[in-house]
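Colleague: Got a minute to go through this one with me? I'd like to ask a few things while we both look at it.

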Amino acid sequence: MTHQQYVSHGGTAELSAFPLLERRARAKLDYWTMGRITDVDCDIHLCMTLIINAMDDVKKHSQGGTVNSFSNDGVSVSFGAQKEITEEEVMASVYEQVVEILPVGLVSVVIG
């Protein structure tokens with residue numbers, strides 16, 4: 001996925017941060033789909049965008065504040081002095097979205 005494709009799907013990460021985030025997101029999506037992605041389409045790009053945005057938001061806000069909430073659909077983050085949300089918790093939320101977007105054959109553990 002290129003930065004231009006990422007931005008066209010609603011991506012918000014800076015160009016300088018994109019290469020590392022894209023690589024991490026690709027690895028995460030490959031892990032979640034158990035290496036079953038053979039055709040990269042708009043749904044895959046959407047999933048990559050959701051993952052990259054979430055990773056970027058966690059990275060940006062873990063340095064300057066505590067994340068209080070994370071919204072799935074609009075990928076929005078709230079800050080405050082309450083419990084800090086970890087990247088694992090955010091990724092669990094993104095995973096739920098990925099499962100809804102991708103075909104069952106890509107994300108099911110029982111299909112091999």
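Colleague: Which helices each supply at least two residues of the lining of the largest pocket?

Modeller: Keep in mind that this is a predicted model. The lining of the largest pocket includes Glu22, Arg26, Ile44 and Met48. H2 spans 18-32 and H3 spans 42-62, and the helices that each give at least two lining residues are H2 and H3.

Colleague: And which helix gives the largest share of that lining?

Modeller: Among the lining residues are Glu22, Arg26, Leu29 and Asp30. Helix H2 covers residues 18-32. The largest share, four residues, comes from H2.

Colleague: How many residues of each class does the lining of the largest pocket have?

Modeller: The pocket holds about 150 Å³ of space. Charged residues such as Glu22, Arg26 and Asp30 are in its lining, along with nonpolar ones, including Leu29 and Ile37. By class, that makes three charged, one polar and six nonpolar.

Colleague: Glutamate 22 forms a salt bridge, so with which residue?

Modeller: Glutamate 22 counts as buried, because its relative accessibility is 8% and the cut-off is under 20%. Its partner also lies in helix H2, four residues apart, about one turn of the helix. The closest N and O atoms are 2.8 Å apart, and the partner is arginine 26.

Colleague: Which residue does glutamate 87 form a salt bridge with?

Modeller: A search of the whole structure finds two salt bridges. In this one the closest N and O atoms are 2.5 Å apart, with glutamate 87 paired to arginine 24. The pair links distant parts of the chain, 63 residues apart, with glutamate 87 in helix H4 and its partner in helix H2. Both are partly exposed, glutamate 87 at 23% and, at 34%, arginine 24.

Colleague: Within what arc do the buried residues of H4 fall?

Modeller: H4 runs over residues 87-101 and reaches 21 Å from its first C-alpha to its last, close to the 21 Å expected. Glu88 and Glu100 are exposed on the other side. The buried ones are Val90, Met91, Ser93, Val94, Gln97 and Val98. Seen down the axis, they line one face of the helix, since they fall within an arc of 155°.

Colleague: What is the phi of methionine 34?

Modeller: Most residues other than glycine have a negative phi. Methionine 34 sits in the loop between H2 and H3, and counts as partly exposed at 40% relative accessibility. Although methionine 34 is not a glycine, its phi is positive, at about 55°.

Definitions and conventions. Residues are numbered from 1 along each chain as its sequence is written. This is a predicted model: local features need pLDDT of at least 70, side-chain atom pairs count only at pLDDT 80 or more; totals for chains, interfaces and linings use all residues. Side-chain values use heavy atoms; hydrogens and water are left out. The expected span of a helix is 1.5 Å times one less than its number of residues. Buried means under 20% relative accessible area, exposed over 50%, partly exposed in between (1.4 Å probe, protein chains only). The arc is that of the directions from the helix axis to the C-beta atoms. On a 1 Å grid over the protein atoms alone, a cavity is a set of points where a 1.4 Å probe fits but cannot get out, and a pocket is an open set with protein on both sides within 12 Å along at least five of seven lines; lining residues have an atom within 4 Å of a point. Grid points are joined across faces, edges and corners, and a volume is the space filled by probe spheres set on the points. Ala, Val, Leu, Ile, Met, Phe, Trp, Tyr, Cys and Pro count as nonpolar, Asp, Glu, Lys and Arg as charged, and the others, Gly among them, as polar. A salt bridge is a side-chain nitrogen of Lys or Arg within 4 Å of a carboxyl oxygen of Asp or Glu.
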